[in-house]
Amino acid sequence: MSIKYLIGLLLSLFFVAESHSQVDTADRVFARVREEGFQHSRVMARVSQLTDGYGGRLTGSREYLAAAQWVAREMEESGLQQVHFEPFCPDCRGWSLKGFNLEMTSPYYTKISAYPLVMTKSTNGVVSGEVIHIKSIADIPDIKKQFTGKLSGKIILKGDAPAPQSLEEPLSKRFTTEELHKMQDKLTPANAPRNLPELLKSWEEEESQEEAFLRFAEDQGALAVLTTRSMQAGIIHPAGTYFNKKDQLQPLPYFTISVEHFGRLLRLLELGKSPQLRLDLDTEIYFEPQNNVNIIGELTGTDPRLKKQQILLGAHFDSWHAGTGATDNGVNGMVLIEALRILHDIGYQPRRTIRMGLWGGEEQAYYGSVAYAVHHFGPLQSAPNAVSRKVSAYLNLDTGAGVIRGVFLQANDNARPVFKELFRPLKGLTDGIISIENDYDTDHETFDHYGIPSFSLLQDPLAYESVTHHTNLDVLEYIPAEDTMKNAVIVASLVYALDQMQEMVPRKSH
Ligand SMILES: [Zn+2]
């Protein structure tokens, strides 16, 4: 036997043993993750502590900060390191609701299903007035022509009466295998990539017409404005106005009411019955920029060569105010903490640094994630810095409480083979569908802008769009415990497998 042959034989035996032992190690880790995640789960207990215990977490509010302080303690208890706050909005103000009431007193009594929009001022005690209808605010000069001198002491019904959403459709749904495969089979994304600075700017300008209308209504002595949104069966959706910066307008009392009550008030007007309303609203607007914090924590990497690299996870922590921000997005922050707790508690020593961020201000305009990215990766308009190039991937969870069925590649086809591998051992937990689509409207768009491979996980829709998203029914009842536990196990497994890769996740070619 030549020495060359012997060395070759030994080497090949070594590699066989090495690859076998690696497979075994990975399988063992996946099994431990499952055991920890399904048999010792902490996730639903935390969802209740957060959502029931602290309620809605409006950006800038004292309620947000109280919840952030609690969650930082939970992250530390879960074994995360370097847990800290990072400020994200020095000029965001806060708003808290102290009480309200809205009733029709004539032509007969009924309580109106309503919720105030954020940043609105209080009424001057209990006030009453007649209803007047303004069908559209598209043409402000025309409104001024029509309504000057006619709004004093009035309560304005703003907009048309939409029909409620159909009750024929199921409220809650899961993707069928066929739907998922259709998503996977698409060769090009239907959504074009969006330019982040332009997107943020367009959001800033969105409210100017609304602002002009609200200023006019108040100048004219209107008592309040009522609007609605097409929802099913009495659900109230009081999201969509912002005015959250220090010097912006503080709107007059402004409510969303149920589509059914909006329709009835309009029909009463048409019947010539001139409905009378009685209302009061008690709110507090304050400027406490210290409430605006991202909550950051990590499992610090232990491999001297790789620990500077990061796997970054994110979910927004802020919510709208009428529910408890349960499906949007309290549950997913708790899933990320649980995923890292699982890895910590099974004794996993990550090679790379696994960092998570709970962002504030997502509902306004990605304030938290953008501030984080600017601080760590450089200004929005310049080339991303060296630190950003050490981030292997960013995973975002923010599409409700449904189980993860796959991933949106955000047009990064280079990452497809990676996810194929990552999902392979997770059969039975997730379909591992890989969609080329650019998913919109949450924080991964921030990190994608920096060239970091950024992915939004694809979740079952359940009743997110139909019932819970931004509504008074965004509460724990619509979070299935099994989906939530599965998501923590899936995320922990994905993170482990990403960390085991020799290379970082490939970036887009262009
Ligand atoms: Zn969200």
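Helices (H or I, at least four residues) and strands (E, at least two) are taken here as DSSP runs, numbered from the N terminus. The model itself is a predicted one. With those labels in hand, Gln82 is a good place to start: this residue sits in strand β1, yet its phi is near 55°, a positive value in a residue other than glycine. Gln82 is partly exposed, with 13 other C-beta atoms within 10 Å.

A second glutamine does much the same with its backbone. Gln410 also has a positive phi near 55°, again in a residue other than glycine. Its setting is the loop between β14 (404-408) and α12 (416-423). Gln410 is buried, with 26 other C-beta atoms within 10 Å; the cut-off for that label is 20 or more.

Two cis peptide bonds turn up as well. One runs from Ser106 to Pro107, with omega near 10°, and Pro107 is found in the loop between β2 (94-106) and β3 (110-111). The other joins Asp328 and Asn329, where omega is about 10°. Asn329 belongs to helix α9 (residues 326-345), so this cis bond involves a non-proline residue assigned to a helix.On the scale of the whole chain, the domain assignment gives domain 1 (33-92 + 289-500) and domain 2 (94-175 + 196-285). Their C-alpha centres lie 33 Å apart. The contact between them takes 31 residues from domain 1 and 26 residues from domain 2. On the domain 1 side, α3 (62-77), α10 (362-365), α13 (444-449) and α14 (464-468) each supply at least two of the residues that touch domain 2. Of these, α13 gives the most, with 3 residues. As for chemistry, the residues on this side of domain 1 split into 11 nonpolar, 14 polar and 6 charged.

The largest nonpolar core has 133 residues, and the members that touch the most other members are Ala224, Leu336, Ala339, Ala492 and Val495. Helix α15 (residues 481-500) is the top contributor to this core, with 11 residues. Domain 1 and domain 2 both give residues to the core, so it lies between them. Ala224 shows what such a well-connected member looks like up close: leaving aside residues up to four places away in sequence, Ala224 touches Ile155, Leu252, Pro253, Tyr254, Phe255 and Leu279.

Helix α7 (residues 208-219) can be checked against simple geometry. At 1.5 Å a residue, its 12 residues should span 16 Å, and the end C-alpha atoms are 16 Å apart, which agrees. The buried residues of α7 are Glu210, Phe213, Leu214 and Ala217. Seen down the helix axis, these buried residues fall within an arc of 95°, so they line one face of α7. The spacing fits the usual rule: an α-helix has 3.6 residues a turn, so residues three or four places apart point the same way. The face of α7 turned away from the buried side carries the exposed residues Ser208 and Asp219. On the buried side, α7 packs against α4 (140-147), β6 (154-158) and β7 (224-227). Just after the helix, Gly221 takes a positive phi of about 85°.

Helix α11 (residues 367-377) is mostly covered, with 8 of its 11 residues buried. Those buried residues are Tyr367, Gly368, Ser369, Val370, Ala371, Tyr372, Ala373 and Phe377. What covers them includes the strands β1 (81-87), β10 (293-299), β11 (310-316) and β12 (353-359), along with the helices α10 and α13. The strand β1 in that list is the one that holds Gln82, and α13 is the helix that gives the most to the side of domain 1 touching domain 2. After α11 comes Gly378, whose phi is positive, near 105°.

Further along, Arg389 lies in the loop between α11 and β13 (391-396). Arg389 is partly exposed, with 15 other C-beta atoms within 10 Å. Arg389 and Ser96 are 293 residues apart in sequence and 40 Å apart in space, C-alpha to C-alpha.

Definitions and conventions. Residues are numbered from 1 along each chain as its sequence is written. This is a predicted model: local features need pLDDT of at least 70, side-chain atom pairs count only at pLDDT 80 or more; totals for chains, interfaces and linings use all residues. A nonpolar core is a set of buried Ala, Val, Leu, Ile, Met, Phe, Trp, Tyr and Cys residues joined through C-beta atoms within 7 Å. A residue is buried if 20 or more other C-beta atoms lie within 10 Å of its own, exposed if 12 or fewer, and partly exposed in between; C-beta atoms are placed from the backbone. Domain bounds come from an automatic or database domain assignment. Two residues are in contact if their C-beta atoms, placed from the backbone, lie within 7 Å. The expected span of a helix is 1.5 Å times one less than its number of residues. The arc is that of the directions from the helix axis to the C-beta atoms. Ala, Val, Leu, Ile, Met, Phe, Trp, Tyr, Cys and Pro count as nonpolar, Asp, Glu, Lys and Arg as charged, and the others, Gly among them, as polar.
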